[in-house]
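User: I'd like to learn how to read a model like this one at the bench. Can you take me through a helix, some empty space and a few odd backbone angles?

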Amino acid sequence: MKNFNYNIPTKVLFGKGKVKEVGKEAKKYGDKVLLVYGKGSVKKSGLFDIVVNSLKDAGIYIYELPNIDPNPRIDSVYQGAELCRKVGINLIIAMGGGSVIDCSKAIAAQANYCGDVWQDLYVEQKLDTLTSALPIASILTLAATGSEMNGNSVISNMHTNQKLSIGHDILRPVFSILDPEYTFTVNKYHTAAGIVDILSHLFEQYFTPDHEGYLQNRMMEAMMKTVIEYGPIAYNELDNYEARANLMWTSSLALNGMVSYGKVETDWATHGMEHELSAFYDITHGVGLGILTPYWMKYVLSEDNVHRFVEYGRNVWKIHGHDNMEIANKAIDKTREFFNSLNIPQTLREVGIDDSKLEKMAEQATIFKYLAKVYIKP
């Protein structure tokens, strides 16, 4: 096992009714809060009113930045950062899924930054220049990215057709409220995309050619089995609390750093490729991952890493046999079958992507050698 420093400082408030505590938690950071949210689902669900009332009861002034896109834009980051500086925001609260949280992290960075975070951090990866950021908190409404408990942020620049990532501990939320009831309104399509995203985070950290990390690999297998068990239940019963709760907590644990601490370098190639699909075609991230992942598995499978695919097949899918390659390929087929059961497309053409931009996307995906290191590393 490799050396590592354990650092997961986010305070988590998990369960029914926990959102009512947001005012008390927010007051610890000051009396001016920026609420960042998407296209309005937080208002339809009633979450917005509960949050606002709790903040007002705590004597907090509220500012808003709505309409964050599913693939958050750098334009929204600049807009939010300008507002933060203008009124003196003390805390940013992201209400939504990973896109809203990622955008809030970028706003928190830009608000205290002298230069341009897009060029300096996302493009040039000068992460050591980020020395301070506004504190952020999150109120999660979609289990998928794990952004509520990590320092990762993915931002799109539609002017340059780029979707880039950074990871920095200073951007970890100071607290996150996880109430599974506020994921009941997530439709089947986005529930399925979230399920795939959670699994993909685990896959990217699990499928390494080393023979180390026994404990971490068993933890990831347990999380995979949890998603495979409860994912279809949540997909078919959108208001099933136990299913939503298990997915929500697994999403947080899958990418907060815990399962990768002590492991060798992890992969993230599938995420790197999918980011190009989203940058050029603005597709749903989890859907893109669902299309690519089984193909990636088939492509990288070799004698060097077949042992990990065998562990995956035996421990997660309960596949028996003696031929390692046969077990590995059956496990990959089971993965595709699982995605199919959630109505995830199998090909790029099904989501409107032809081969006209493949060369350009491949070029951009391979320019940045840091892609394998962007997500949380020991």
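User: Is helix H10 enclosed by the rest of the structure or open?

Analyst: Start with the cut-offs: buried means under 20% relative accessible area, exposed over 50%, and partly exposed in between, with a 1.4 Å probe and protein chains only. Helices (H or I, at least four residues) and strands (E, at least two) are DSSP runs, numbered from the N terminus. In H10, 10 of the 13 residues are buried, so the helix is largely enclosed by the rest of the structure. Among the buried ones are His 271, Glu 274, His 275, Leu 277 and Phe 280. Keep in mind that this is a predicted model, where local features need pLDDT of at least 70, side-chain atom pairs count only at pLDDT 80 or more, and totals for chains, interfaces and linings use all residues. Residues are numbered from 1 along each chain as its sequence is written, and side-chain values use heavy atoms, with hydrogens and water left out.

User: What covers those buried residues of H10?

Analyst: Contact means heavy atoms within 4.5 Å. The cover includes strands S6 (152-157) and S7 (162-167), plus helices H7 (188-206), H11 (285-300) and H14 (358-367).

User: And how far does H10 reach from its first C-alpha to its last?

Analyst: The expected span is 1.5 Å times one less than the number of residues. H10 covers residues 269-281 and reaches 19 Å, close to the 18 Å expected.

User: Which residues around there have a positive phi?

Analyst: Asp 282 follows H10 with a phi near 55°. Trp 268, in the loop between H9 and H10, has a positive phi of about 70° although it is not a glycine. Trp 268 counts as buried, at 2% relative accessibility. Asn 161 sits in the loop between S6 and S7, and its phi is near 55°, again positive in a residue other than glycine. With a relative accessible area of 27%, Asn 161 is partly exposed.

User: Now the empty space. What is the volume of the largest pocket?

Analyst: Rolling a probe the size of a water molecule over the atoms shows where empty space is left. On a 1 Å grid over the protein atoms alone, a cavity is a set of points where a 1.4 Å probe fits but cannot get out; a pocket is an open set with protein on both sides within 12 Å along at least five of seven lines, and lining residues have an atom within 4 Å of a point. Points are joined across faces, edges and corners, and a volume is the space filled by probe spheres set on them. Here the largest pocket comes to about 990 Å³. Its lining has 46 residues, of which Pro 70, Gly 97, Ser 99, Leu 142 and His 190 lie nearest the centre. Elements that give two or more residues to this lining include S6, H7, H10 and H11. H7 provides the largest share, five residues.

User: How many cavities of 30 Å³ or more are there?

Analyst: There are two, and the largest cavity holds about 70 Å³ of space. Its lining includes Leu 142, His 190, Ile 195 and Arg 244. H7 gives the most to this lining too, with five residues.

User: Which residues does UniProt list for the C-terminal domain?

Analyst: An unreviewed UniProt entry lists residues 191-366 as "domain: Fe-containing alcohol dehydrogenase-like C-terminal". UniProt positions are in the numbering used here, feature names are shortened, and annotations may be inferred rather than shown by experiment. In this model the span is 69% helix and 0% strand.
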